[in-house]
Number of protein chains: 2
Amino acid sequence: MKISSVDPFYFQMPDITSAADGTQDTLLVRIRTDTGYEGWGECDASPLVSLAVYCCPMSHGNIINIHTSLIGETLAEPSDVVRLSEKVLRNGLDIQQIQHAYSGAEIALWDIIGKKLNQPVYKLLAEMTDSSDTPHPKLPYASVLFGDTPEETYQISLDLQKRGYRAAKFGWGPMGKYGEENDIALVRAAREGMGPDTQIMIDAGVVWGTDYETAYKRAAAFAQFAPTWLEEPLAPDAIEAYNSLTEMNPAIPIAAGEGSNSFRMAEDVIVNGGIHYVQIDTGRIGGIMPSYQVCQLAEQHGIQYVNHTFKSHLSLAAALHVFATKPEFKLIEYPAAGSALSQQLVKEPFPVDKDGMIRVKELPGLGVDVVTEAIRQYLTPVHIQVADETVFQTAEL
Amino acid sequence: MKISSVDPFYFQMPDITSAADGTQDTLLVRIRTDTGYEGWGECDASPLVSLAVYCCPMSHGNIINIHTSLIGETLAEPSDVVRLSEKVLRNGLDIQQIQHAYSGAEIALWDIIGKKLNQPVYKLLAEMTDSSDTPHPKLPYASVLFGDTPEETYQISLDLQKRGYRAAKFGWGPMGKYGEENDIALVRAAREGMGPDTQIMIDAGVVWGTDYETAYKRAAAFAQFAPTWLEEPLAPDAIEAYNSLTEMNPAIPIAAGEGSNSFRMAEDVIVNGGIHYVQIDTGRIGGIMPSYQVCQLAEQHGIQYVNHTFKSHLSLAAALHVFATKPEFKLIEYPAAGSALSQQLVKEPFPVDKDGMIRVKELPGLGVDVVTEAIRQYLTPVHIQVADETVFQTAEL
């Protein structure tokens, strides 16, 4: 079968704020074949900038847009996805945004191949790499912000515990801004609310920049509350500082990697940064296959792989197929709240099962259906004209 | 003074081909202040994708466009450029294309500051870092493609020698595609045409991917012709393979780095790739300051810094200010040909002086003037509409 259409769609909530909420808008990519198959993928990236990568005029042989690279191509088996990814990345060698933009298309290609072969994507990945195809449940963790004070944080944490969460991540806000005593009080409050038999994680939101010594001290001070990890204590590009930090053997594990826009960036923070948990966003790194390769690299290095997902359950599905068959990677970032757009986007979001776990769907492709009717109200039409030519116009949804 | 306008302009030649010619189109950025100053910068990047980074609607606090970040800001001294760069990059943390797009604006900001303080940019950089402000001439090298055969390559090389070039780089084409014997014949032809008292460089155009052993063998085979470097024998992201190659002590120096879209990517290929020449494009890495920081890192590591420039002499000016004061870095990539657009863009291109050298201009700012009248015929108007709002429309040139 041939690829007959490649269409990005920009969706927005009516009011966008600068709040740390990645679900206020999104870019979905729909791919169709001449045999009637349809696949969907989601990018975690600026919708307009990524959309431009689907329609930008050619500049030379290294700046050719994604639509041109994919349209009319043969798609029959998993190896075609790998071949097409190589083509897209080669044609887009000098487009910095190429991985952010292509992620949605790559995920959609896997969705189609899975539907055609009547297999869930995780089984295709297992088959390609001669590894076990037995899926394992994951423990979802909730992501929330710290309250402005330790008291507020305690209430937030207690509420999560009452709602049945066994793991929760607390992020940014006041962390790192009012001195060590306040930082410790925040983590104590998070632990006391959730209680002793739970997992808590601390997300420092790059607050210490390149100051690995402060990050080391905080890790030592937080250890009494046994957090699962300290996330992004340093700037994403501060790999040398991460290296200095991890070489000092901090008292709790260090997590990072959500900003990995390529396999190499993830490899860099693993191999040279020495982190203990690598957090990969399938909607940024170029899709499912590069995420899977980072997962394999994590296995080789004896560190933990975990998804970064702050979009809809379409993104969650893509993220879960990547590491569903890896029993040693137990945690999953689980978007529990988010905008109406993100909530209504798929027909059946992933439920938290009675045992508190999340399971991959035993359905062809990604295993989730995009409900176009439910999100049509958020569709944001885009029209781009370059000289006298319309190079992009939102397709029929 | 305050920044009063920030305008990207897309220029295109009438016919764009997939040829390896980066001068077929370009994105210029013009910044003006409320006190009447005007600065210009050029990006080496997809014009439409980069332009979208100047106007994309906010998604959340990490996806805020460059125009929003800069407009109305105070600009008085060099430290303001550093401050504004931090702001732009922080606001665009989740926009992968941010450095490619911002490069033009950053260069324009330096142009303005230099004009305001009546200083060439290289002097401002020297002052900021307490280093020598004495400029040194650079030896320009011509960049050409290998001919399809050794005979053709010889003719190309001989022609360059006759035109007075003392250094020339030969790239891609047949290199690496027809076996060792042909590869060696190509390099021999390049050397014989230019003659013994010249410098030749070999650009393999990433042809050996991750196969560092073949790259090592070719370096050994080419050594008899004494090339200055072997450029990009491996894929840009193949840092582990670069490391394997350089650890084997290849017979000729290895060059790479033009694809560095951030300071870290350059640091990675230097520190972990072990290369001997780092090639930085000021129009991709985020502008003059990150380029200058790579230059300093190269000094610390005892390796060579050299510009990558395949645009107009506006880009060449920005590139030259970065390392004008570093006598140990002697070579400069010099765009000698290119499209009419790139040729006509600045009023007075950099001449090759009688001694065969290129010198930085002792004029305020970048020291080159953009001739808008000459390139107006290539201006490509862009109109972007998102929902009911025009988010971008090409400004008055």
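Strand β12 (residues 382-386) of chain A runs antiparallel to β12(B), and 5 bridges join the two; strands are DSSP E runs of at least two residues, numbered from the N terminus, and two of them pair if DSSP finds at least two bridges between them. Val382(A), for one, has Val386(B) as its bridge partner. This is a predicted model, where local features need pLDDT of at least 70, side-chain atom pairs count only at pLDDT 80 or more, and totals for chains, interfaces and linings use all residues. Residues are numbered from 1 along each chain as its sequence is written, chains are lettered from A and ligands numbered from 1 in the order in which they are written, and side-chain values use heavy atoms, leaving out hydrogens and water.

Now the wider interface. On chain B, 54 residues are in contact with 54 residues of chain A (heavy atoms within 4.5 Å). Because 100% of the interface residues of chain B are also interface residues in chain A, the copies meet through the same surface.

How do the chains relate? Turn chain B by 180° with 0.0 Å of shift along the axis and it lands on chain A with an RMSD of 0.0 Å, fitting by least squares on C-alpha atoms of residues with pLDDT of at least 70 in both. That is the relation of a two-fold axis.

As for charges, there are 6 salt bridges between chain B and chain A, each a side-chain nitrogen of Lys or Arg within 4 Å of a carboxyl oxygen of Asp or Glu. One of them joins Asp94(A) and Arg284(B), at 3.3 Å from N to O.

Methods:
Helices (H or I, at least four residues) and strands (E, at least two) are DSSP runs, numbered from the N terminus.
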